[in-house]
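Work through the following exercises with the sequence and the structure in view. Each task is followed by a worked solution.

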Number of protein chains: 2
Amino acid sequence: MTNLPNDARRALMLLSELVEPGDAELDDLLDEAEPIEAVKRIWEGDVPDRLRRLTGAAVSCTPDPADRAEQIAAVTEACGARVLAPGDPDWPGQLNDLHLVCDADEPHVRPPRCLWVRGRHDLAELCATSVSIVGSRAASEYGQHLADDLAADLTAAGWTIVSGGALGIDRAAHLGSLARGGATVAVLACGVELPYPKANHSMFNLIAEQGMLLSEWPPGSSAMKHRFLTRNRVIAALTAGTVVVEAADRSGARNTARYAAELGRVLMFTPGPVTSSQSIGVHRLAREPWEARLVTSAEEVVEDLTGIGGPLATPPPAQRRPIDRLTEIEARLVESLPRGYVVETARLAAVAGLPTEVAAETLERLQRMRWVDRIDNRWRLARGSQP
Amino acid sequence: MTNLPNDARRALMLLSELVEPGDAELDDLLDEAEPIEAVKRIWEGDVPDRLRRLTGAAVSCTPDPADRAEQIAAVTEACGARVLAPGDPDWPGQLNDLHLVCDADEPHVRPPRCLWVRGRHDLAELCATSVSIVGSRAASEYGQHLADDLAADLTAAGWTIVSGGALGIDRAAHLGSLARGGATVAVLACGVELPYPKANHSMFNLIAEQGMLLSEWPPGSSAMKHRFLTRNRVIAALTAGTVVVEAADRSGARNTARYAAELGRVLMFTPGPVTSSQSIGVHRLAREPWEARLVTSAEEVVEDLTGIGGPLATPPPAQRRPIDRLTEIEARLVESLPRGYVVETARLAAVAGLPTEVAAETLERLQRMRWVDRIDNRWRLARGSQP
C-alpha cells in the first residue's frame with residue numbers, strides 16, 4: 001500500500017514537483033479529489049493515460065510519496081521558505097481570476113496549485129495594492145532609469161512593485177522599490193532558494209529580507225524557458241495593472257501584457273524613441289486592440305490604476321508602510337516591542353496599555369503574520385519586521 | 001457713391017485685408033449678402049456696430065474700395081499667386097467642415113473666406129489624399145529625422161504632406177516630401193509672397209515651384225501670433241489626418257491636434273523619450289480624450305488613415321503622381337506635348353490619336369488646371385508640370 005503524505009499541503013508540494021503548473025488533467029483531478037487522494041490515484045495509476053505516462057517515471061523511482069513530500073518540506077524549511085495554498089488567509093484571491101481566462105488553447109493559464117514564498121509579509125495584503133513593472137532584459141540605460149524611477153515613486157505612494165527578477169527592466173524596478181524601503185515581490189520561474197539569474201544574487205537576498213520571493217516550483221527547480229512564460233501569468237494576475245517599460249519586438253514582457261489585458265487588469269506602457277529596438281514592443285502594444293495606456297510617470301500610473309487624477313499626494317487606496325496594514329492594537333503591540341529585547345506577554349500588555357488576554361491573542365496573530373517571534377511565553381520582533 | 005469691386009473674388013480679397021479670418025459678424029454678413037454687396041454695406045456703415053468700429057479706420061482712409069481691390073489683385077498676380085474662393089472647382093470642400101465645429105467660444109474656427117495660393121496644382125486634388133505633419137519649432141534631431149522620414153515615405157506612397165512652413169518639424173516634413181518630388185503644401189500665417197520665417201526662404205521657393213504655398217491673408221500681411229493659431233485650423237481641416245511629431249508642453253501643434261480631433265480627422269502622434277521636453281506634448285495627446293493614435297512609421301500612418309493594414313505597397317486611396325489624377329484623355333494630351341515645344345491643336349490631336357474638337361476642349365480644361373499654357377492656337381506644357 002502506498003505511503004501517502006500526511007497533509008494536503010505536502011501533497012500539493014509533491015504534485016508541484018511531479019507535474020508542471022497549469023496541467024489541465026491534474027487540475028481536473030484536483031477539482032474532483034483532495035490533494036492526498038490525487039497523490040494516491042497517481043501512484044496507483046488510476047488516472048487518465050496521458051497523466052499516467054507523464055508521471056510514470058517519477059512514480060516508479062519514488063516508491064514512498066510521503067517520504068518524498070517530507071523531503072520537499074524539509075528543503076523548503078531549510079531555505080527559509082513556506083508554502084501557501086489556495087484557501088490560506090494570505091493566498092492572493094486575485095490569482096483565481098486565471099480560471100476566467102484559461103481555455104483549450106492555453107490550458108496552462110490556470111491559477112497556481114500552491115506557491116513557495118520567502119519573506120515575512122502577508123502576500124495577500126502586500127499584493128492588494130500592487131502593480132507590476134516588466135520589460136526587456138537587454139534594456140537600454142533609458143529604460144532602466146525609467147523603471148527605477150517609476151518603481152521608487154510608486155513605492156513611495158504605497159504600491160507594491162511586482163516583477164520577474166530578471167536583468168534589465170525587472171532588476172531596475174525591484175531596486176527602485178527596495179531603495180525606497182519597498183516590500184517588492186519577485187515572481188520566479190525557478191526555486192526560491194537560489195533564484196535565477198545569479199547576477200541578481202545580492203538583489204534576491206535583499207528581496208527575501210525586505211520583500212518576497214515567489215515561485216510555483218519547489219526548491220531545486222531550474223529556470224526553463226517555458227517556465228518563464230507560465231510564470232508571467234502570475235505576475236499579471238497578482239497585480240492591479242502591468243507597466244511594460246521596454247520590450248523588443250519578441251519579448252516575454254509582451255506575453256505578460258497580453259495576460260494582463262485578458263484578465264481585465266490595467267495595461268500600461270512607457271514610450272521611447274521609435275528608433276530604439278527596445279521600444280518596438282511597447283509601441284506595438286499601443287496599436288493592438290488591448291487599449292494599452294501610455295504613461296510617463298508614477299502619477300499617471302496611479303491615475304490609470306485608480307481612476308483618480310491629480311498629484312501623487314492623493315491618498316492611494318492602500319496604506320503606505322507595512323505597519324499601516326496592521327490594526328491599531330496590532331500596531332501598538334509591535335511598536336511597544338523594543339528591537340533586540342525579549343519581553344513577557346504581561347509586561348508588553350502593560351506598556352501597550354492593553355488587557356493581557358487581548359495582548360496574548362493579538363501577539364499570536366502577529367506571530368502567524370511573522371511580525372513577532374515567540375520564545376516560551378516571551379516575544380520579540382521578528383527579524384526583518386519594520387515597525 | 002462708393003466705387004465697388006467689379007467681381008466677387010476681388011470683393012473677397014478686399015474683405016480679407018479688412019477683417020481677420022473667422023470674424024463671425026462678417027461671415028454672417030457674407031451668409032446673407034454677396035461679397036460685393038457686403039463691401040457696399042461696410043463702406044456705407046450699414047453693418048452692426050462692432051463691425052463698423054472694426055472697419056471704420058480702414059474704410060475712411062480707403063475712399064475707393066474698387067481701386068484698393070485692384071491693387072491687391074495686381075500684387076497677387078505680381079507675386080505669381082492667385083485666389084481661390086469657395087465654389088471654385090479647386091476649392092477643397094473639406095474646409096467647409098469647419099462650419100461644423102465653430103461655436104460661440106471659438107467663432108474664428110470657420111472656413112476661410114478665400115485663399116491665396118502659389119503653385120501650379122489643383123489644390124482640391126492635391127489635398128484629397130493629404131496628411132499633415134506638424135510639431136515643435138525647437139524640435140530635437142530625433143524629431144526632425146522622424147518627420148523627414150515619415151514625410152518622405154508618405155510622399156512615396158502617394159500622400160500630399162501639409163504643414164505650416166515653420167522651423168523644426170514643419171521644415172523637416174516639407175523637405176522630406178520635396179526630396180521625394182512631393183507637391184507639399186505649406187499653409188502660412190502671412191502673405192504668400194514672402195513667407196515667414198526668412199530662414200526657410202529657399203525652402204519656400206522650392207515649395208512654390210514643386211508644391212503649393214497657401215494663405216488666408218493677402219500679400220503683404222505679416223505673420224502674427226494669433227494668425228498662427230487661426231491658420232492651424234486650416235491645416236487640420238485640409239487633411240485626412242494630423243501627425244504630431246514633437247510638441248513641448250505648450251505647443252501650437254497641440255492646437256492643430258485639437259482641431260483635427262474636433263473635425264473627426266485621424267489624430268496621430270509619434271512617441272519619444274519621456275525624458276525629452278519635446279515629447280511632453282505628444283505624450284499628453286495620448287492621455288487626452290481625443291483618441292490620438294501612436295504611430296511609428298508611414299505604414300502605420302497609412303493604416304490609421306485608411307483603415308487598411310499591411311505594407312505600404314497597399315494601394316493608397318489616391319493616385320500616386322500628379323498626372324495620375326488626370327483622365328485618360330487629359331493624360332494622353334499632356335504626355336503628347338514634348339517639353340519645350342509649342343504645338344498646334346490639330347497636330348497635338350493627331351499625335352494623341354484624338355478628334356481635334358475633343359483635344360481642343362480638353363486642352364482648355366488642362367489650361368484651367370494649369371497643366372498647359374496657350375499661345376494663340378498653340379499649346380505648351382506649363383512650367384513646373386510633371387507629365
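**Exercise 1.** State how much area chain B and chain A bury between them, and what share of it lies on carbon and sulfur atoms.

*Solution.* Buried area is the accessible area (1.4 Å probe) that two parts lose on being put together, summed over both. For chain B and chain A this comes to about 1500 Å². Carbon and sulfur atoms account for 64% of that area. Within the area that chain B buries against chain A, V274(B), R287(B) and L294(B) supply 45%, more than any other three residues. Counting contacts (heavy atoms within 4.5 Å), 19 residues of chain B and 19 residues of chain A take part.

The model is predicted: local features need pLDDT of at least 70, side-chain atom pairs count only at pLDDT 80 or more, and totals for chains, interfaces and linings use all residues. Residues are numbered from 1 along each chain as its sequence is written, chains are lettered from A and ligands numbered from 1 in the order in which they are written, and side-chain values use heavy atoms, with hydrogens and water left out.

**Exercise 2.** Find how many salt bridges cross the interface of chain B and chain A, and describe one that involves R287(B).

*Solution.* A salt bridge needs a side-chain nitrogen of Lys or Arg within 4 Å of a carboxyl oxygen of Asp or Glu. By this rule, six salt bridges cross the interface of chain B and chain A. One partner of R287(B) is D304(A), with 2.8 Å between the closest N and O atoms.

**Exercise 3.** Give the domains of chain A and the distance between the centres of domain 1 and domain 2.

*Solution.* The bounds come from an automatic or database domain assignment. In chain A, domain 1 covers 8-77, domain 2 covers 115-306 and domain 3 covers 326-381. Taken over C-alpha atoms, the centres of domain 1 and domain 2 of chain A are 31 Å apart.

**Exercise 4.** Describe how domain 1 of chain A meets domain 2 of chain A.

*Solution.* Start with the contacts: eight residues of domain 1 of chain A touch nine residues of domain 2 of chain A. Next, the area buried between these two domains is about 680 Å², with 67% from carbon and sulfur atoms. S16(A), E20(A) and P21(A) supply 60% of what domain 1 of chain A buries there, more than any other three residues. Last, the rule finds one salt bridge across this interface. E20(A) pairs with R227(A) in a salt bridge, the closest N and O atoms being 2.5 Å apart.
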